[in-house]
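Trainee: Pick one part of this structure and give me a really close look at it. Tell me how that part is put together, then fit it into the rest.

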Amino acid sequence: MPSIELNGLTKKFGLLTAVDHLDLVVEGGEIFGLLGPNGAGKTTTVRMLACLISSSEGSAKVGGFDISEEPTKVREIVGILTENPSLYERLTVRENIEFFAEAYGLYDAQERQDRIRELLDFFQLWDRRNDKVGKLSKGMKQKLAIARTIVHKPPIILLDEPTSGLDPESAKGIRDLIADLSQRENHTVLLCTHRLEDAEKLCDRVMIINRGRRVVAGTPEELQDRIAGEPTLQVRLKKTDQAILRAVKEVEQVREISVDDTSGTLLIAVDNLAESAPEIVTKIVYAGGKVLEVNIHRPSLEEAYLKLVREEKS
Amino acid sequence: MVMLVFRKDWREIRRNWQILLPIVAVPILISIVLPTLIIVTPSLSSISGPPLENSTSMMKNLPSQVREELAGMSAWQALVYVMSLYFFAPFFLIIPLMASSVIASDSFAGEKERRTIEALLAAPLSDSELLLGKMLVSFFPSMIVTAVSFAVYSTVIDLFSFSLFGGRLLLPNLVWIMLIFGVAPTIALAGIGLTVIISARVKGFREAQQISAILLIPVLMLVLGQVSGAIFFGPTVVGVLIGVFVTVDLFVLYFGIRSFKREEILSRLA
């Protein structure tokens with residue numbers, strides 16, 4: 001049974017359609033990335049899945065529970081990290097997490113304390129447990145917010161922009177923690193982000209949405225291939241000439257060649273790169289080319305994403 | 001779960017000077033500072049002449065029942081008696097109203113302003129548990145402050161009246177008990193209900209507090225009515241006030257509960 005299942009889920013705010021007939025299936029234990037620019041409908045989708053707002057059309061099941069019919073059941077099995085940390089700044093670290101632990105049903109005091117200790121140790125916040133949250137750095141607040149999100153060991157976690165507003169080092173720290181946690185506790189994670197790095201490094205599959213609609217979905221590698229094309233072979237030579245170019249064109253799988261004059265690099269688009277690359281290099285050498293470097297260039301998900309968003313705008 | 005929300009909000013309020021300051025300062029002003037300035041200090045200088053003739057319009061418009069109570073008193077005693085038991089009565093309605101609406105503004109609109117509401121609403125707490133927890137945290141402290149203010153005021157007045165009236169203690173009496181334990185809770189609930197309705201529609205604490213101050217208008221009218229002698233806080237008036245505010249409570253709380261919807265609250269986040 002899928003952990004999260006959306007069937008034509010739609011949300012309208014007056015005339016604006018924030019989420020437009022979205023279909024999506026997230027399997028158990030999977031980290032699924034919902035990617036898109038600001039205003040794409042990511043937060044609205046997460047809010048509907050967390051039963052914070054109702055849908056206008058369509059349906060969704062979270063952990064097998066329908067979000068419209070059993071919202072309390074859904075809330076019990078979901079942990080949500082909202083776009084803002086949503087922490088009580090006048091309360092201490094411990095008071096914050098204790099409140100949510102109890103609110104999510106950890107009534108047994110010993111069990112609650114053990115879980116809080118485990119999480120605060122894991123997030124390196126135990127020494128700050130009696131400090132008011134207002135005194136914590138942004139990165140620490142985000143760690144605490146994630147600890148709060150998983151305090152009741154929810155099988156399903158919704159993370160809305162977990163690294164937003166953090167410096168690169170803190171963002172990496174949070175990413176590593178999420179990866180580590182999802183392995184340790186086997187959560188199903190729906191990760192909303194506009195940071196490609198997050199999706200690339202964390203997600204098993206991603207879906208790009210824009211203006212509330214699904215644009216494309218697949219593994220990060222599939223999206224890179226599908227959107228930005230196959231990888232290209234890059235051969236940097238000491239010197240290029242027509243004889244070398246003719247020799248390369250003789251290889252059957254070669255589709256296109258271009259030359260970067262500034263670096264003396266041949267950019268070769270080919271079918272079946274793994275098989276044709278050795279043949280191309282051999283041809284270059286026989287044609288008198290002096291090879292300095294050979295690389296396979298795969299466009300990053302970021303390049304793929306930017307290309308897609310540009311296409312959507314035009 | 002209701003008490004969980006209550007405890008959490010109570011901890012926050014205790015650490016927020018923006019909330020504590022008016023809740024502590026206004027009762028001190030009403031129960032200690034004003035009585036000392038208006039009743040105790042002038043009384044230290046003697047007032048001569050026949051009773052009631054050298055005083056305010058309130059003194060001149062006293063109902064016959066009160067005049068009977070003043071029979072045999074000196075001008076000084078009559079003035080102290082009327083000021084202590086009647087003049088200050090409506091001021092004590094300001095305390096529960098102000099305290100409840102300040103706490104409720106912070107508890108409802110303040111959570112929206114500080115953006116803590118989303119995680120709270122995502123928790124498996126029902127709307128009624130959340131609403132009740134937040135109403136209790138607005139209601140109990142305001143009632144405690146009102147009761148403590150009343151105890152302090154009674155002590156101040158009795159310390160003074162003990163010597164002036166030959167060992168007689170003026171407070172507490174039936175009207176004041178009805179006022180503090182009958183009118184004050186109903187007025188506090190009205191303040192909370194109105195603030196819940198307002199908080200659902202505004203983005204921040206201050207905005208909610210400013211708008212909920214509108215409920216002070218009828219209370220200030222009661223103060224003016226008392227000062228001008230148009231109304232007197234006898235048992236009948238206080239009984240009528242309880243009835244009026246119970247009716248207001250029913251309306252305001254009904255609409256407050258209806259307006260407390262997760263989606264509505266989130267759609268108006270700052």
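Mentor: Before any counting, here's what a count of elements means: helices are DSSP runs of H or I with at least four residues, strands are DSSP runs of E with at least two, and both are numbered from the N terminus. On that basis chain A comes out with 11 helices and 14 strands. Keep in mind that this is a predicted model.

Some context for chain A, then we'll zoom in. Its C-alpha trace spans about 80 × 45 × 35 Å along the principal axes. Of its 314 residues, 41% count as buried. Take the contacts in chain A between residues at least 6 apart in sequence: 69% of them join residues at least 24 apart. The domain assignment splits the chain into domain 1 (4-226) and domain 2 (230-298), with 45 Å between the two centres, taken over C-alpha atoms.

The part I'd pick is the open sheet of four strands in chain A, ordered β12-β13-β11-β14 with antiparallel pairing. β12 and β14 (291-297) stand at its edges with a single partner strand each, so one side of each has no neighbour in the sheet. On average, neighbouring strands here are turned by 20° against each other, direction ignored.

Let's work outwards from β13(A), residues 265-270. Towards β11(A) (residues 232-237), the antiparallel pairing runs over five bridges; Thr232(A), for one, has Ala269(A) of β13(A) as its bridge partner. Towards β12(A) (residues 254-260), there are six bridges, again antiparallel, and Ser258(A) stands opposite Leu267(A) of β13(A). As for what holds such pairs together, strands of a sheet pair through backbone hydrogen bonds, either parallel or antiparallel.

Now look at the two faces of β13(A). Leu266(A), Ile268(A) and Val270(A) make up the covered face, while Thr265(A), Leu267(A) and Ala269(A) make up the uncovered one. Put that back onto the pairing: Ala269(A), the partner of Thr232(A), belongs to the uncovered face, and so does Leu267(A), the residue opposite Ser258(A). There's a helix to place here too: α9(A) (residues 242-249) lies across β12 and β13 of chain A and runs at about 155° to β12(A). To finish this corner, the hairpin of β12(A) and β13(A) has four residues between the strands, and Gly264(A) takes a positive phi near 70° there.

That phi makes a handy link to the rest of the chain. Most residues other than glycine have a negative phi. His21(A) is one to look at, with a phi near 50° and no glycine to explain it away. It is found in strand β2 (residues 16-26) of chain A and is partly exposed, with 15 other C-beta atoms within 10 Å. Gln124(A) also has a positive phi, about 55°, although it is not a glycine. Its place is in the loop between α4 and α5 of chain A, where Gln124(A) is exposed, with 12 other C-beta atoms within 10 Å.

Gln124(A) comes just after α4(A), so let's stop at that helix for a contrast with the strand faces. Its 14 residues, 109-122, reach 20 Å from first C-alpha to last, close to the 20 Å expected at 1.5 Å a residue. Ile116(A), Leu119(A) and Leu120(A) are buried in it. These three cover an arc of only 95° around the axis, which puts them on the same side of α4(A). Over on the other side, Gln110(A), Glu111(A), Asp114(A) and Asp121(A) are exposed. The buried residues pack against α3 (93-103) and α5 (138-150) of chain A.

α3(A) leads us on to chain B. The contact between the chains takes 22 residues from chain A and 18 residues from chain B. On the side of chain A that touches chain B, α2 (71-77) and α3 are the elements that give two or more residues, and α3(A) gives the most, with five. While you're over in chain B, check the cis peptide bond between Leu171(B) and Pro172(B), where omega is about 0°. Pro172(B) is found in the loop between α8 (127-164) and α9 (174-199) of that chain.

Definitions and conventions:
Residues are numbered from 1 along each chain as its sequence is written. Chains are lettered from A and ligands numbered from 1 in the order in which they are written. This is a predicted model: local features need pLDDT of at least 70, side-chain atom pairs count only at pLDDT 80 or more; totals for chains, interfaces and linings use all residues. The expected span of a helix is 1.5 Å times one less than its number of residues. A residue is buried if 20 or more other C-beta atoms lie within 10 Å of its own, exposed if 12 or fewer, and partly exposed in between; C-beta atoms are placed from the backbone. The arc is that of the directions from the helix axis to the C-beta atoms. Two residues are in contact if their C-beta atoms, placed from the backbone, lie within 7 Å. Domain bounds come from an automatic or database domain assignment. Two strands pair if DSSP finds at least two bridges between them. Axes are lines fitted to C-alpha atoms, for helices over the stretch in contact, and angles run from 0 to 180 degrees between N-to-C directions.
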